[in-house]
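Subject: A structure for you to look at

Hi,

I am passing on a structure that I have been going through, and I thought you might like to explore it too. Open it in your viewer and keep it beside you while you read.

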Amino acid sequence: MRALKATFNTKAFIGNFNRVRSIAPNSKIMAVLKANAYGHGLIEAARALSSADGFAVLSVSEAIELREYGFDQYLLLLEGFFSAYEVKVCSQMNISAVIHNTQQIDFINQVKPKNPINIHLKINTGMNRLGFPPSKVKSLIQSLETSPYIGNIILMTHFANADEAIGVRDQLALFNKVVDDSFDRSVANSAAIIRYPETHMEWVRPGIMLYGASPFEDQSSKDIGLQPVMSLHSNIIAVQNLDKGQSVGYGSTFVATNKTRVGIVACGYADGYPRHAPSGTPIMVAGKISRTLGRVSMDMLYVDLTDIPSADIHSEVELWGENISVDEVAKEAKTVGYELLCAISSSIRVPMEYA
Ligand SMILES: *Cc1c(COP(=O)(O)O)cnc(C)c1O
């Protein structure tokens, strides 16, 4: 069996959750567990965060799974209902939903649930993805408040630029203009939690920071006080010695300018390592920082062993984790840590070990 595996560091995960608590001590925490907890495993992640006030997921099936495992936290469907049937199930299992269009309200009115549905009413303040226009919010709230089928209402919005220089000011101002403080509010993702305390309000919705990656391009996770949660490890399965002028891998994109010792690593893009990571992407071999060489293959990639004479077949490789941050690899591949983590959903190819 290949040595490739991902490890989930429960202590680090809980540490990051506590970091959220210390940054936003007066807010309830809705831990975002969508995309199989950003690739880390839904149930294991939820279990580690038993002191979270709520969990946010995408689909009814994920929420049902959490309820069936006995989690009694507030559960939120981030895209809300896709059918009347889903309303029925959610009413029975006390699952809450984002309401972002009128069709979803129609579903609720069709079902007439006995247990009123708790909702997050989503207001579009400028991201232009999901949500009602601010001008509609007052009248909407009035009609929802009088509906016997709707329980508690939380007002929410989502920022387009909390991680960018432009920030949250305009969206936040628009949100504050249309909401009044008789409702609980939920607006902050990780970036807003870290940079904009005025967004904390009654609920915060951290995702990426729980997993120990940074939402920012210009600030590392370490600087934010976060610890890496997922480590991706494999080993060297072959060694090649290149003479000057020889190349390695598809397209021969790396050509040796000197004698070069190359390690072949059992991990490729089919395992979730980014194909666009170029030669020079940091990687650790036998405890030493090195660099990748050439193009990432489906099942393998190449690493420079020239200055690591102790490294050989079976030497351990860290693709990312404690020493190589997933953000560094993502940056080289011109993407974000989010994408790399989500790509490692526990599978036969990449078993996840919980430590
Ligand atoms: C994914 C998501 C979050 C979490 O965002 P991070 O940047 O990972 O913290 C929060 N709110 C909503 C609506 C989301 O879809």
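Here is what I found, starting with the strands and then moving to the ligand.

Please keep in mind that this is a predicted model.

First, the strands. Eight of them form a closed barrel, in the order E2-E3-E4-E5-E6-E7-E8-E9, and their pairing is parallel. To see one pair for yourself, pick strand E7, residues 150-156, and strand E8, residues 184-188: these two run in the parallel sense and are joined over three bridges. One residue pair to look for is Leu155 with its bridge partner in E8, Arg185.

Now the ligand. Where does the ligand sit? The ligand is in the largest pocket. Around the ligand there are 14 residues, and the closest are Lys34, Tyr38, Ser190, Ile208 and Tyr338. By type, the shell is made up of six nonpolar, four polar and four charged residues.

Three of these residues are worth a click. Tyr38 has a polar side-chain atom 2.6 Å from an oxygen atom of the ligand. Ser190 also brings a polar side-chain atom to an oxygen atom of the ligand, at 2.5 Å. With Ile208, look at the backbone instead: one of its N or O atoms lies 2.8 Å from an oxygen atom of the ligand.

How much of the ligand does the protein bury? On its own the ligand would expose 390 Å², and the protein buries 93% of that.

Have fun exploring!

Best wishes

Terms used:
Residues numbered from 1 in each chain as written. Predicted model: local features only at pLDDT ≥ 70, side-chain atom pairs only at ≥ 80, totals over all residues. Heavy atoms only, no water. Near = heavy atom within 4 Å. Polar contact = N/O pair within 3.5 Å; in protein donor to acceptor, adjacent residues only side chain to side chain. Areas by Shrake-Rupley, 256 points an atom, 1.4 Å probe, with all protein chains shown as cover. 1 Å grid on protein atoms, 1.4 Å probe; cavity = no way out; pocket = protein on both sides within 12 Å on 5 of 7 lines; lining within 4 Å. Sits in = over half its atoms within 2 Å of the grid points. Nonpolar A, V, L, I, M, F, W, Y, C, P; charged D, E, K, R; others polar. Pairing = 2+ DSSP bridges. Helix = DSSP H or I, 4+ residues; strand = E, 2+ residues; numbered from the N terminus.
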